[in-house]
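Got the viewer open? Here's a walk through the model, one selection at a time.

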Amino acid sequence: VELVKKSETPQAEQEPSYKDKAERWERARKDYTYAKASLEEVAQKIKDKKSVVGIGKTVRVVQDMVTNLIEDDEVYAAISTLRVFDDYTFTHSVNVAMLSMCLGRRINLSRRSLTSLGICALFHDLGKIEIPNEVLHKKGQLEDGELKLIEEHSLNSARLLLKLKASPDSKARILVPLFEHHLKYDLSGYPRADWKKPLTLFGKIISIADKYDTLTSSRTYRKSLMSPDRALGYMFDRTGKDYDPILIKVFINILGLYPVGTLLRLDTDELALVVSSPSRDFSKRPLVCVLEKDKKGSYKKREIINLDERDPETGNYIREITGTYHPATFGIQPVQHMFSSN
């Protein structure tokens with residue numbers, strides 16, 4: 001796979017202004033909302049046992065997402081990390097679709113392939129609609145039968161895809177990755193089968209996006225929350241076993257060392273939320289929103305600062321990062337502080 005070199009980055013992908021990013025954020029937010037709505041509609045029709053379940057609306061939504069993502073994949077990667085909605089069931093799939101398409105964009109997939117990848121990622125957990133909510137959201141340890149239900153969802157996603165109204169060619173492009181997304185790079189995952197072929201490119205991409213969103217999502221059954229930067233470190237340690245080594249490096253390159261939505265503790269004892277993380281250049285540090293508590297105990301935005309700023313006399317960073325957290329640990333909703341005016 002040929003990766004985009006820094007010198008080859010199109011003009012449209014150069015770092016936009018903060019105001020411009022706010023406008024692109026709003027466009028990405030609308031795409032997010034439409035994608036979630038179209039997925040919910042398809043899932044409901046399947047639950048209602050409709051004889052014909054068309055996906056034309058979903059295809060059009062994903063095509064629009066691809067057009068906008070090509071212009072600015074960084075904003076689309078960012079919005080998928082901010083948990084815009086509380087409903088995990090469908091937002092997870094939208095997050096995975098956006099992250100997958102961003103990764104596909106960075107490895108120069110064609111527009112048609114990006115659309116297929118987005119549709120595939122959007123439907124990757126379709127099989128979970130057949131799992132009872134008390135099993136999906138169970139706080140305690142799963143029993144053997146419940147675990148089996150969970151592990152069958154990949155196969156069920158592929159099975160349900162066959163019921164959707166789409167051309168055989170379209171189904172063929174996305175069927176296998178639905179089955180593969182929990183198999184792992186070394187094929188040690190599930191569903192457990194006598195599977196000898198290497199994972200498809202789509203399968204490898206979706207498995208990375210799926211795991212990252214799962215690790216960084218706040219769930220009722222999870223005792224501790226993993227900050228986005230630690231989630232990337234956790235995944236990087238499993239390259240070659242769970243994930244494709246090249247793709248995981250590209251993925252980290254997209255999100256940056258401190259992904260958007262990461263909460264930082266600074267050596268000034270300030271809390272700061274990452275609102276823009278420089279991708280492609282790890283020598284630079286992120287743009288952050290410094291937060292402070294109000295009288296009600298809520299956090300509000302104080303100022304936007306660049307952590308890459310140095311003291312002109314000493315050359316040292318003016319602020320150092322001393323710790324990283326998941327924002328939910330402090331009850332902070334990152335989306336409330338993104339691209340708002342001071």
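Before you click on anything, one term: a residue is buried when its relative accessible area is under 20%, exposed when it's over 50%, and partly exposed in between, using a 1.4 Å probe and protein chains only. This is a predicted model, so local features need pLDDT of at least 70 and side-chain atom pairs count only at pLDDT 80 or more, while totals for chains, interfaces and linings use all residues. Residues are numbered from 1 along each chain as its sequence is written, and side-chain values use heavy atoms, with hydrogens and water left out.

**Whole chain**

Colour by secondary structure to begin. You should find twelve helices and seven strands. Those labels are DSSP runs numbered from the N terminus: helices are H or I with at least four residues, strands are E with at least two. Of the 342 residues, 50% count as buried. A contact here means heavy atoms within 4.5 Å. Among contacts with a separation of 6 or more, residues 24 or more positions apart account for 66%.

**Stop 1: Ser154**

Select Ser154, which sits in helix α8 (residues 153–161). Is Ser154 buried or exposed? Its relative accessible area is 0%, so Ser154 is buried. Now show what's around it: skipping neighbours within four places in sequence, Ser154 is in contact with Leu178, Phe179, His181, His182, Tyr190 and Pro191.

**Stop 2: the loop between α9 and α10**

Two of those contacts of Ser154, Tyr190 and Pro191, lead to the next selection. Tyr190 and Pro191 are joined by a cis peptide bond, with omega at about 0°. Pro191 is in the loop between α9 (168–180) and α10.

Stay in this loop and pick Lys184, which is also found between α9 and α10. Lys184 isn't a glycine, yet its phi is positive, about 75°. Its relative accessibility is 31%, so Lys184 counts as partly exposed. Then try Leu187, in the loop between α9 and α10 as well. Leu187 is another non-glycine residue with a positive phi, near 65°, and at 25% relative accessibility Leu187 counts as partly exposed.

**Stop 3: α2 against α4**

Two packed helices are described by the angle between their axes and the distance between the axes. Axes are lines fitted to C-alpha atoms, for helices over the stretch in contact, and angles run from 0 to 180 degrees between N-to-C directions.

Select residues 56–71 (α2) and 88–106 (α4): their axes are 11 Å apart, at an angle of about 50°. α2 and α4 are therefore oblique to each other; angles under 35 degrees count as roughly parallel, over 145 as roughly antiparallel, 65 to 115 as roughly perpendicular, and the rest as oblique. α2 passes α4 in a right-handed crossing, meaning that the near helix is turned clockwise from the far one by less than a right angle (anticlockwise would be left-handed).

For the contact itself, show sticks for Val62, Met65, Val66, Leu69 and Ile70 of α2 and Met98, Met101, Cys102 and Arg105 of α4. By class, that gives eight nonpolar, no polar and one charged residues. Nonpolar covers Ala, Val, Leu, Ile, Met, Phe, Trp, Tyr, Cys and Pro; charged covers Asp, Glu, Lys and Arg; the others, Gly among them, are polar.

**Stop 4: Arg111**

Keep Val66 on screen and add Arg111, found in helix α5 (residues 111–122). The C-alpha atoms of Arg111 and Val66 are separated by 7.0 Å, although the two are 45 residues apart along the chain. Not counting residues up to four places away in sequence, Arg111 touches Val66, Thr67 and Ile70. What does the side chain of Arg111 make with the side chain of Thr67? It's a polar contact, at 3.0 Å. A polar contact is a pair of N or O atoms within 3.5 Å; within protein, one must be able to donate a hydrogen and the other to accept it, and residues adjacent in sequence count only if both atoms are side-chain atoms. With a relative accessible area of 46%, Arg111 is partly exposed.

**Stop 5: α11 and α12**

Last selection: α11 (residues 228–236) with α12 (residues 245–255), packed at an angle of about 170° with axes 10 Å apart. α11 and α12 are therefore roughly antiparallel to each other. The contact is made by Leu232, Met235 and Phe236 of α11 and Ile248, Lys249, Phe251, Ile252 and Leu255 of α12. By class, this contact has seven nonpolar, no polar and one charged residues.

Now follow α12 from end to end. At its start, a side-chain oxygen of Asp244 reaches to within 3.0 Å of the backbone nitrogen of Ile246. The buried residues of α12 are Leu247, Ile248, Val250, Phe251, Ile252, Ile254 and Leu255, and what covers them includes α3 (73–79), α4, α10 (201–215) and α11. Just after α12, Gly256 takes a positive phi of about 85°.
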